[in-house]
Amino acid sequence: MKTGIKKIDLQGLVTLALFVAMDIVLEKISFGPSTVKVGLGFIGSALLGYYFGPLWGGIGALISDLLRSAIFGVEGGFFPGFTLSAIVGVVIYAFFLYQKPIKWWRVIAATLLVTLVVNVLMNTYWIHLLYGLDLRAAFLQRILKELITPWIQIVVLYVILNAFQRVKIRR
Amino acid sequence: MSKIIIGRYIPGNSIIYKMDPRGKIIATFLFIVIIFLANNWLSYLFLSFFTLLAVGATKLKPKVFWDGVKPLIWLILFTSVLQLFFTTGGKVYWHWGIFNISEYGIQNSIFIFIRFVMIILISTVLTLTTTSLEIADGMEWLLRPLRYLKVPVAQIALVMSIALRFVPTLLDQAVRIMNAQRARGADFNSGGLIKRIHAIIPILIPLFISSLTIAIDLATAMEARGYREGAKRTRYRVLRWSKYDWVNLGYFALLTLILLLTRTY
């Protein structure tokens, strides 16, 4: 697939659009027993970063978040902070994965950094800001989930990125 | 999977339906900004009153709004209860270790509950009364000033409309792929974690391949119909500002004023 850092051709643009659509679809699917439900949204974010890099991947994240709120309505209300979180997440994935060979340490570092920066720090702060929640209370509420999910995400991401590498489209 | 509904739009013809999506998006934004102004009982009372008035103006059944709040009700209650235990100040009613229930704690947890519900209600009003295509057009219009910062707004608009068009298609595709794999014995709802991770791949890879094929075909079709990058183009779908939008913005300006007057400084 041809995707440059700054310039993007029509095919790249249309591919980005379909990846955004795929991201929105994946966001709606979750798997696992009901005690540890893991959403698939992170796969869409990682793929945007992996294939389109920080700039266009970030733009894709922006569009995906805006459209998701337009189609499904955001749970808990629309807030631009969460859009920023989505963009930062994709940029972090892109920083570790874009045009790089897939290695365990890259997947681990990217996932842990996204969990720490986006899910733990940024999103907690937005919730604190949006609902006037006490910061300690907000942390306590999220920390349990954020201690479990990254490890599942790492395995899923590694397995899936390796599977995706085998797909080659020629016309 | 089949429970996923695309677009929460419910047709109707009350005044809110006649408003421009841009006005409604701006109003929703404004609401989230002004909700920070409320900090005492009187301001929260006015805030709730204005929100419920907006909800009432949609003339939709209360049940559809309850459906918007329902999936989050445990989160909201849990959050309020946590807030109850962690806020200190005022008269202390109960104390145990790090937990305590105080006058301010009770007040704060009620405020947070109201805030949660009001924000959800106002966003629900937006998504219930506006089609997703209208919201996307409105968002595109609101992003336009960003082109002075060299943000490729025209390309973003194109990506937005293509993505919006293909979300239902890809959802259908995902369901069809899952059914096709089930027909060959795939099982998505049982087994341990690792087994389930491996079960995702036979869904994701075909979805990925069909996205890529659609993209190649669509790009070719667009070029065949004379799409050129950066060429000057006209607009077929145009948004129109109506008198109802002034009513809408006036309503929120009034609420802002009331909140500024009633809040404690």
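A pocket is an open set of points, on a 1 Å grid over the protein atoms alone, where a 1.4 Å probe fits, with protein on both sides within 12 Å along at least five of seven lines; its lining residues have an atom within 4 Å of a point. In this predicted model, local features need pLDDT of at least 70 and side-chain atom pairs count only at pLDDT 80 or more, while totals for chains, interfaces and linings use all residues. Residues are numbered from 1 along each chain as its sequence is written, and chains are lettered from A in the order in which they are written.

The second largest pocket has a volume (the space filled by probe spheres set on the points) of about 1,700 Å³. Its lining comprises 48 residues, of which B:A154, B:Q155, B:A157, B:L158 and B:R233 are the closest to the centre. The helix α7(B) contributes the most, 12 residues. By class, 27 lining residues are nonpolar (Ala, Val, Leu, Ile, Met, Phe, Trp, Tyr, Cys and Pro), 15 charged (Asp, Glu, Lys and Arg) and six polar (the others, Gly among them).

Between the chains, 63 residues of chain A are in contact (heavy atoms within 4.5 Å) with 68 residues of chain B. The two chains bury about 6,000 Å² (accessible area, 1.4 Å probe, lost on being put together and summed over both), 83% of it on carbon and sulfur atoms. In chain A, the most area is lost to chain B by A:L10, A:L18 and A:Y131, together 11% of what that side buries.

Technical notes:
Side-chain values use heavy atoms; hydrogens and water are left out. Helices (H or I, at least four residues) and strands (E, at least two) are DSSP runs, numbered from the N terminus.
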